[in-house]
Amino acid sequence: MPDWALIPWKVVSSFMRAGAVANKAEVKTGIWHKLFTHFDQHLNWYFPLPAILALAAIVAFPMVYNIWLSLHDWFLVSPIGPQWVGLQNYVQMFQDPKFWTTFWRMLYFIVGALAVQVPLGLLLALFLNQEFRARNLIRTIYLFPFAATPVAIALVWGMMFNPELGVLNYFLELFGLPRSLWIASEKWVIPSLILVDSWEWTPLIMIITLAGLQSLPKQPYEAAVIDGASSWQIFRYITLPLIRPTLVVATMLRSIDLIKTFDIIYVMTQGGPGEASETLYLYTYKTGFQFFHMGYGAALVVFVFALVLVFNLVLARVRR
Amino acid sequence: MVVGSKKHKICRNIFITLGVIIVLIPPLFVFWWMFTSALKTPVDILSPVPKLIFTPTWDNFKEVLQQENFLRYMWNSLVIATFATAIALVLGLPAAYSIAKYRQQKLALGILVARMIPFVSYLLPWFIFFRKLNLIDTYLALITTHLIITLPMTIWLMIGYFEDVPDDLEEAAMVDGCSRVRSFLTITLPLVRNGVVASAILSFIFSWNQFLFSLILSGPRTKTVPVAVFNFISFEQINWGGLSAAATLIVLPALILTLIIQKQIVRGLTMGAVKG
């Protein structure tokens, strides 16, 4: 570890040493000593307290405010403040055709992305579960796609997707395939975004699954080899059932993230062409920050939040 | 038999080598394409047949660094990520310690939920709030919102590290008359310093990469680098060389930091939501 990383630590520890000297002084009955002892005896309260207060302020307050806001009608730019409308925004939401189109589009994106990422991630993990030299190199390089800044990645993919001069169409032609409009076509924009998302996140599924594979017990495999099982049989009847819980967890984690996909879509298409790549999450964003329809936006936010919460509850159950 | 197994071994080697090549092409190609495009002249970039051999030029980097206050935006990103990370450590380390030591599972669960909430849910209230207080386009607004990313991440990562520290060490110190606070600071913290560095770096990366909060809450003075580059692309004529150079400059710090904490990054990411 680099030396500079220890500097804050050294500052804190020198403070503590000073404190210890003061503590050892004769005055053991002073008010400061009493306060310190009280603090020291109740660390389980005082240690998490600042973090809890901070989280209450930055996390809990917005959530409560969202719910309050979702019961009001309010255009940010209008001089009239929020007007109480009860559940009107929620009623409007379920009658809003755009809510439904963006909702189904989001599902299309999620299911499509999972259909690519989970099998591919499993396949990669099975490959990397072999013993060979380049394994660690691959594992390191596979961290890059999801550690890299999504905006930058989206810009580079946007460049590669360019219908006239993009390198991807060059490759298609090289293999004798017809050129594609990629993100410029209403039909292909979601599959193109799935491609980018899979490029970013399949590595994560691979890494989670690989960790799962490496923690599997050895005995069933030894028994299967002795019984003369084929590799396919070993995979189908031993590996797959054992690895399934890991795959389910990875799938749930990805689903939650896929609901919240924003950066790559906003940077590459901003929901276009037309509205062909506007998912529910983008619609929520636009309702609030392009149309400034705060009350309705808040209702959409509450819905997305509920959706994520349901996925989380399922995930928590699966993990147990 | 011997010949057969040798043949088998060669087959396996060919299979693995091919596999390695196929597996490495997709991630490497995108980064390679980004980097080489940044080194190409406009003519080379727009060539219909991609040029493998070209004379590299640093002009794109020079142009990006001179133009559009790029360094200023880099500095903004650096300041915001650093403060968000430091505050998260100060608040998060004691909390994580307490959760690990006193088995405060409900608190841990609450923190996980905080991490999973979609960022748009925070954005609407914070935008209204900061707008009312005239705090849009201030470091304060951005650091506060970036804490939403860094604080739960720090706590969640550190719980695991604190749990790995055996209780005996602190108990021995306390028998010798050491206070709990002091044993936390002088015994436990030094033992988990690798974890502290890892969570600091991970927090930094995710604050650095953050786009949505900065998109809404920053302005001309506090614009972070992802937002600045996004604007610079959408408002100017398409300039692929500049775009690639800018993308390279944003990505590079995140990738270098990733190399330092390879193992911990996975631990940090599998806790749940990665982005918002």
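Which residues of chain A are linked in a network of salt bridges? In this predicted model, the network is made up of A:K98, A:E275, A:E278 and A:K286. Over all chains, a search of the whole structure finds seven salt bridges, and several further pairs can be described individually.

Within chain A, A:D197 and A:R254 form a salt bridge in which the closest N and O atoms are 2.6 Å apart. Because A:D197 belongs to helix α11 (residues 189-214) of chain A and A:R254 to helix α13 (residues 231-259) of chain A, this pair ties together parts that are 57 residues apart in sequence. Both partners are shielded from solvent in the computed accessibilities: A:D197 counts as buried because its relative accessibility is 0%, and A:R254 is likewise buried, with a relative accessible area of 1%. A:R254 also forms a salt bridge with A:D257, for which the closest N and O atoms are 3.7 Å apart. Here the two residues lie three residues apart in helix α13 of chain A, which means that A:R254 and A:D257 are separated by about one helical turn. A:D257 is buried, as is A:R254. A:R254 is thus a partner of A:D197 and of A:D257.

In chain B, a salt bridge joins the side chains of B:D137 and B:R221, with an N to O distance of 3.4 Å. This pair links distant parts of the chain, since B:D137 is placed in the loop between α6 (119-132) and α7 (139-163) of chain B, whereas B:R221 is placed in the loop between α11 (212-217) and α12 (225-235) of chain B, 84 residues apart. The two partners fall into opposite accessibility classes: B:D137 is buried, its relative accessible area being 9%, while B:R221 is exposed, with a relative accessible area of 51%. The value for B:R221 can be read against the cut-off for an exposed residue, which is set at over 50%.

The contact between the two chains was examined next. It takes 96 residues from chain B and 98 residues from chain A. Together, chain B and chain A bury about 8,500 Å² between them, and carbon and sulfur atoms account for 81% of this area. Across the interface of chain B and chain A, zero salt bridges are found.

An internal boundary of chain B was treated in the same terms. The domain assignment divides chain B into domain 1 (2-58) and domain 2 (60-269), and the centres of these domains, taken over C-alpha atoms, are separated by 34 Å. Across this boundary, 10 residues of domain 1 of chain B are in contact with 11 residues of domain 2 of chain B. The area buried between domain 1 of chain B and domain 2 of chain B is about 880 Å², with 73% of it given by carbon and sulfur atoms. Of the area that domain 1 of chain B buries against domain 2 of chain B, 57% is supplied by B:M34, B:A38 and B:W58, more than by any other three residues. The count of salt bridges between domain 1 of chain B and domain 2 of chain B is zero.

Further features of chain A concern individual helices and the surface. A nonpolar surface patch of about 440 Å² is made by A:W45, A:Y46, A:L49 and A:L53, and α3 (43-46) and α4 of chain A each supply at least two residues of this patch. One of its members, A:W45, lies in helix α3 of chain A and counts as exposed because its relative accessibility is 60%. Helix α4 (residues 49-70) of chain A also contains A:S70, a residue that counts as buried because its relative accessibility is 0%. When neighbours within four places in sequence are left aside, A:S70 is in contact with A:G86, A:N89, A:Y90, A:G295, A:A298, A:A299 and A:V302.

Helix α6 (residues 97-128) of chain A contains A:V111, which is exposed, with a relative accessible area of 53%. A:V111 and A:I194 are 83 residues apart in sequence, and the distance between them in space is 9.6 Å, C-alpha to C-alpha.

Key. Residues are numbered from 1 along each chain as its sequence is written. Chains are lettered from A and ligands numbered from 1 in the order in which they are written. This is a predicted model: local features need pLDDT of at least 70, side-chain atom pairs count only at pLDDT 80 or more; totals for chains, interfaces and linings use all residues. Side-chain values use heavy atoms; hydrogens and water are left out. Helices (H or I, at least four residues) and strands (E, at least two) are DSSP runs, numbered from the N terminus. Buried means under 20% relative accessible area, exposed over 50%, partly exposed in between (1.4 Å probe, protein chains only). Contact means heavy atoms within 4.5 Å. Patches are made of residues with over 30% relative accessible area and no salt bridge: like charges are joined within 9 Å, nonpolar side chains (Val, Leu, Ile, Met, Phe, Trp, Tyr) within 5 Å. Accessible areas come from the Shrake-Rupley method with a 1.4 Å probe; for residues, only the protein chains shown count as cover. A salt bridge is a side-chain nitrogen of Lys or Arg within 4 Å of a carboxyl oxygen of Asp or Glu. Domain bounds come from an automatic or database domain assignment. Buried area is the accessible area (1.4 Å probe) that two parts lose on being put together, summed over both.
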